[in-house]
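Ready for some practice in reading a protein model? Work through each exercise on your own, then compare your steps with the solution.

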Number of protein chains: 2
Amino acid sequence: MTSSTNQQILLKTRPVEEPKESDFALVETPIPEPGEGEVLNRTIYLSLDPYMRGRMSDRESYAAPVELGSVMVGGTVSQVLKSNHPQFSAGDFVLGYDGWQAYGVSKGETLRKLDPNQAPISYALSVTGMPGMTAYFALLNVGQPKAGETVVVSAASGAVGSIVGQIAKIKGCRAVGVAGSDAKCDYAVKELGFDACINRKTQELSFALKDACPNGIDVYFDNTAGPILEAVLQQINLGARIPLVGLISQYNAENPPPGPNLMPLLIKRALIKGFLVVDYQNRQAEFLNDVSQWLREGKLKYKEDIVEGLENASDAFIGLLQGKNFGKLIVKVSDDPTQ
Amino acid sequence: MTSSTNQQILLKTRPVEEPKESDFALVETPIPEPGEGEVLNRTIYLSLDPYMRGRMSDRESYAAPVELGSVMVGGTVSQVLKSNHPQFSAGDFVLGYDGWQAYGVSKGETLRKLDPNQAPISYALSVTGMPGMTAYFALLNVGQPKAGETVVVSAASGAVGSIVGQIAKIKGCRAVGVAGSDAKCDYAVKELGFDACINRKTQELSFALKDACPNGIDVYFDNTAGPILEAVLQQINLGARIPLVGLISQYNAENPPPGPNLMPLLIKRALIKGFLVVDYQNRQAEFLNDVSQWLREGKLKYKEDIVEGLENASDAFIGLLQGKNFGKLIVKVSDDPTQ
């Protein structure tokens with residue numbers, strides 16, 4: 001601990017449409033002291049994820065909004081500095097939810113200890129963490145892909161989508177991505193092993209989907225909603241399954257835009273089902289078991305997009321909603337002693 | 001058989017938006033002769049159902065469109081006049097699919113014999129037929145209502161909706177209807193035992209749903225899509241189920257209108273699933289068993305809206321899409337000897 005002050009990013013005003021730098025305030029505060037059963041952590045990595053846009057807004061959602069003047073929430077990988085909890089000692093690496101700040105105090109029960117010899121500690125924010133669990137359970141439990149079927153995923157090079165396509169391949173499916181640039185598509189096909197990837201900015205979606213999915217679409221893993229969902233619905237097969245996992249395309253919208261016409265669901269007896277990873281917290285072991293094995297076997301590759309410095313978090317987050325990141329977006333808040 | 005000519009209603013032109021009388025042609029043709037394994041029937045009752053609008057159109061759907069110049073399709077209850085099939089004899093009453101005509105020839109395998117002592121023969125077009133099966137399987141298999149939950153159904157006094165609400169009550173749920181007039185709502189509440197019914201033409205849907213569903217909505221049986229689905233989505237509970245059974249609100253639309261914003265599905269981890277009764281044909285026995293018992297016990301009531309004369313079928317069908325019928329719409333094509 002070289003510094004004696006904490007840095008925090010507070011939510012200053014609720015964003016209207018796209019968040020702006022001025023919606024956030026970087027402040028310095030004293031480093032807090034841990035109470036009984038609590039742990040003081042130094043943040044190493046902060047995860048930035050699209051769901052955070054929902055927390056900035058006071059519309060009804062599945063979680064309470066961040067209060068104005070409070071620290072923005074977020075998943076963190078940290079090193080323990082002081083522990084008043086029997087399960088943690090100074091020097092331990094932990095996954096927690098300390099938010100957009102350099103130091104945080106958490107109840108010990110909310111932390112998970114990380115073993116830096118098993119996987120890079122930052123992976124706990126992505127492939128072995130929340131995005132990985134989202135990909136795994138929404139695809140396997142709602143999507144229920146069967147070998148030989150075609151799985152389409154939007155935001156295909158992102159934190160969740162990149163894992164979805166690779167699990168689809170592991171399960172013997174044809175994996176087709178939709179992404180926002182040629183570089184992202186190249187990465188999905190050449191590095192991750194997707195069968196095809198559509199650049200939604202340069203290709204006409206309907207034609208491109210027909211080309212990429214000659215046998216129709218059985219599972220659409222929807223991270224975005226909007227025009228991709230609309231185009232996909234025209235090409236779903238009988239009994240198709242659509243886990244609705246995110247609506248990135250509309251997170252900045254002040255008024256919720258209309259959705260797709262639902263006639264194809266009736267014609268094809270298909271389903272759309274909303275998914276939130278919190279419902280699967282008690283099944284983490286099953287997920288970690290499979291994913292660790294796939295990582296060891298080299299069947300699962302992963303890309304991180306690491307931004308240096310907490311002061312750049314808000315700018316990086318604004319870019320995330322515009323699709324500017326390439327791989328899982330993470331802010332490196334302080335040195336990672338495991339590297 | 002007093003007449004020697006058949007009367008048929010043909011599809012003359014494909015309707016644009018609302019069907020018009022001039023889209024149909026009433027013609028006289030010779031009464032056909034049954035071939036080997038076939039049966040000649042005199043139509044007593046012809047069923048009119050919203051799905052027929054889809055068959056008039058050549059857009060992609062779950063069934064081929066009726067060809068121009070052909071007899072409009074439809075379920076019929078008839079009396080056998082001549083039979084070349086060992087299972088049927090002259091005088092038998094049968095459920096078939098002879099369409100909008102006074103006499104039809106069918107393969108014996110496609111007919112179901114009806115026992116006029118068990119229930120009025122016309123019920124085979126409604127409560128013990130396709131609309132009844134639709135209500136039963138879409139509610140119980142997709143909706144999966146549990147005692148104490150709230151079930152909302154649109155087109156609540158119609159052929160399907162009226163059964164949905166009564167089955168919901170049998171299963172111990174709160175049943176709330178949405179219908180198009182005070183008379184229909186009174187009928188749903190006072191005759192069928194719904195807990196509440198909203199007149200969508202005079203009441204503000206969101207407020208009325210809040211009033212009628214103080215514990216939120218667990219199952220929405222959707223016959224209509226459109227604004228009712230949109231309002232319901234704002235009030236669904238965690239894990240809500242929405243069988244999408246019809247989209248009456250848009251059957252006349254030339255271009256499919258947008259659907260509802262799907263954010264509530266994500267927030268509430270809810271599902272919308274398309275349903276077609278054809279997928280349940282092999283489970284008819286299970287359905288008939290339950291429904292016959294409920295009819296005997298007086299737990300299931302049923303209302304028919306009977307229009308006299310085949311020549312009035314097209315006008316009655318146009319009214320059906322405008323919600324003018326009150327109860328299951330049936331055309332009485334010729335005398336019912338069981339009455």
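## Exercise 1: A valine and its core

Leaving aside neighbours within four places in sequence, V331(B) is in contact with Y45(B), L46(B), L48(B), V307(B), L310(B), N312(B), A313(B) and A316(B). Here, contact means that the C-beta atoms of two residues, placed from the backbone, lie within 7 Å. Before going on, note that this is a predicted model: local features need pLDDT of at least 70, side-chain atom pairs count only at pLDDT 80 or more, and totals for chains, interfaces and linings use all residues. Residues are numbered from 1 along each chain as its sequence is written, while chains are lettered from A and ligands numbered from 1 in the order in which they are written.

**Task.** Find the residues with the most contacts inside the largest nonpolar core.

**Solution.**
- Step 1. Start from the term: a nonpolar core is a set of buried Ala, Val, Leu, Ile, Met, Phe, Trp, Tyr and Cys residues joined through C-beta atoms within 7 Å.
- Step 2. A residue is buried if 20 or more other C-beta atoms lie within 10 Å of its own, exposed if 12 or fewer, and partly exposed in between.
- Step 3. The largest core has 213 residues, and those with the most contacts inside it are L48(A), V232(A), V331(A), L48(B), V232(B) and V331(B).

## Exercise 2: Two helices and a proline

**Task.** Decide how α2(B) and α3(B) are placed, then look at P243(B) and its contacts.

**Solution.**
- Step 1. Helices (H or I, at least four residues) and strands (E, at least two) are DSSP runs, numbered from the N terminus.
- Step 2. In α2(B), residues 130-143, twelve of the 14 residues are buried, so this helix is largely enclosed by the rest of the structure. Among them are M130(B), F137(B) and L139(B). Q144(B), which follows α2(B), has a positive phi near 45 degrees.
- Step 3. In α3(B), residues 161-170, eight of the ten residues are buried, so this helix too is largely enclosed by the rest of the structure. The cover over its buried residues includes α2, β8, β9, α4 and β11 of chain B. Just after α3(B) comes G172(B), with a positive phi of about 85 degrees.
- Step 4. P243(B) lies in strand β12 (residues 236-244) of chain B. With 29 other C-beta atoms within 10 Å, P243(B) is buried.
- Step 5. Leaving aside neighbours within four places in sequence, the contacts of P243(B) include A138(B), L139(B), V142(B) and G143(B).

## Exercise 3: Two copies

**Task.** Work out how chain A is related to chain B, and which element of chain A gives the most to the side that touches chain B.

**Solution.**
- Step 1. Superpose the copies by least squares on the C-alpha atoms of residues with pLDDT (the predictor's confidence in each residue, from 0 to 100) of at least 70 in both.
- Step 2. A turn of 179 degrees and a shift of 0.0 Å along the axis lay chain A on chain B with an RMSD of 0.1 Å. The two copies are therefore related as by a two-fold rotation axis.
- Step 3. G259(A) has the C-alpha nearest the axis in chain A, 2.3 Å from it.
- Step 4. Now the contacts: 26 residues of chain A meet 26 residues of chain B. α7(A) gives the most to this side of chain A, with five residues.
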